[in-house]
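Student: Hey, can you walk me through this protein? I've got it open but don't know where to start.

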Amino acid sequence: MSAVAVLAMLISKMLQKTRELSAKFFDTEQIQPQMPVQESVPQPLEMETQTKPKIPPKPVMSAEAAAYPKLFKIYTELKRQNEIIFETEKERNAWELERDDLKGIARFTKKGELQSKIDRKNEEIDILKIGLSGIAKRYGYQNVQEFYRIYNKTHSAYVDYKEQEANWEKCYGKNSQSQDKKSVLERLKNPSQKTENYQQQKKSKVKAEGRGNRPVGNYI
């Protein structure tokens, strides 16, 4: 009996040791759960810089282009003076043609009168031309040719600036943004319209198939 008791005690200890070893082995071999990898979420500022294109600065008017409006007023004054000179020369030329076409006795009686008119017109034209040069000198230019040379440069610079400004407004101005918003709204509306059309077509197709499967008459 004592031997049986000792044997039972040994078997109990062996079973307990086996359970401890198996539990220890299971703990060491157990796979640890992997932590989920968190994707980096872009911040609002980063998202804005990625989606929103960089707008270039608005064109700046140069000094030459800025001087154009003032020079245009001088140009208008010179143009008016030139028109007066042109009309006066036109009237003088008509009298010269009339003088040269005189025949017979009129060549002796009327020629002197026409020639005096022509001479007075020439004097008037000279005074007008002096006044034309005086307009340029009054605004600080040596002569009319110098003014026109500077005026043409400022005019070209002004036209170039206006073209650049118009292109910038077309691409990046308020009108372009409103057009972009309008196009986005149209694109958003179109899919819904297409869906409604598709649903209507689907309903009509189902009705047509129903009418096709319905018996035409009673067969006895």
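Tutor: Let's go from the overall fold to the core, one helix and some charged pairs. First, this is a predicted model, where local features need pLDDT of at least 70 and side-chain atom pairs count only at pLDDT 80 or more, while totals for chains, interfaces and linings use all residues. Residues are numbered from 1 along each chain as its sequence is written, and side-chain values use heavy atoms, with hydrogens and water left out.

Student: Okay, how many helices and strands does the protein chain have?

Tutor: Seven helices and zero strands. Here helices (H or I, at least four residues) and strands (E, at least two) are DSSP runs, numbered from the N terminus.

Student: And what percentage of the residues count as buried?

Tutor: Of the 220 residues in the protein chain, 15% are buried. Buried means under 20% relative accessible area, exposed means over 50%, and partly exposed is in between (1.4 Å probe, protein chains only).

Student: Which residues touch the most other members of the largest nonpolar core?

Tutor: Those are L71, I74, L78, Y141 and F147, out of 14 residues in that core. A nonpolar core is a set of buried Ala, Val, Leu, Ile, Met, Phe, Trp, Tyr and Cys residues joined through side-chain atoms within 4.5 Å. The elements giving two or more residues to the core are α3 (63-100), α5 (111-138) and α6 (144-172).

Student: What's Y141 in contact with?

Tutor: If you skip its neighbours within four places in sequence, Y141 contacts L71, I74, A136, E146, F147 and I150. Contact means heavy atoms within 4.5 Å.

Student: Switching to α5, which of its residues are buried?

Tutor: L114, I118, K121, I125, L128, L132, I135 and A136. The buried residues of α5 pack against α3 and α6.

Student: How far does α5 reach from its first C-alpha to its last?

Tutor: With 28 residues, α5 reaches 40 Å, close to the 40 Å expected at 1.5 Å a residue. The expected span is 1.5 Å times one less than the number of residues in the helix. After α5 comes G140, which has a positive phi near 95°.

Student: Wait, K121 is in that buried list. Which side chain does K121 meet in a salt bridge?

Tutor: One partner is E124, at 3.4 Å, N to O. A salt bridge is a side-chain nitrogen of Lys or Arg within 4 Å of a carboxyl oxygen of Asp or Glu. K121 has a relative accessible area of 12%, so it counts as buried, whereas E124 is partly exposed at 34%. The two are three residues apart in α5, so about one helical turn separates them.

Student: Is there another pair like that in α6, and where do E165 and K162 lie?

Tutor: Both E165 and K162 lie in helix α6, three residues apart, about one turn of the helix. Their side chains form a salt bridge too (3.5 Å, N to O). E165 is buried at 18% relative accessibility, and K162 is partly exposed at 36%. Elsewhere, salt bridges that share partners join E91, K121 and E124 into one network.

Student: What about K110, which residue does it form a salt bridge with?

Tutor: With E98, and their closest N and O atoms are 3.2 Å apart. K110 lies in the loop between α4 (106-109) and α5 while E98 is in helix α3, so the pair ties together parts 12 residues apart in sequence.

Student: How many salt bridges does the count come to?

Tutor: The count comes to 10.
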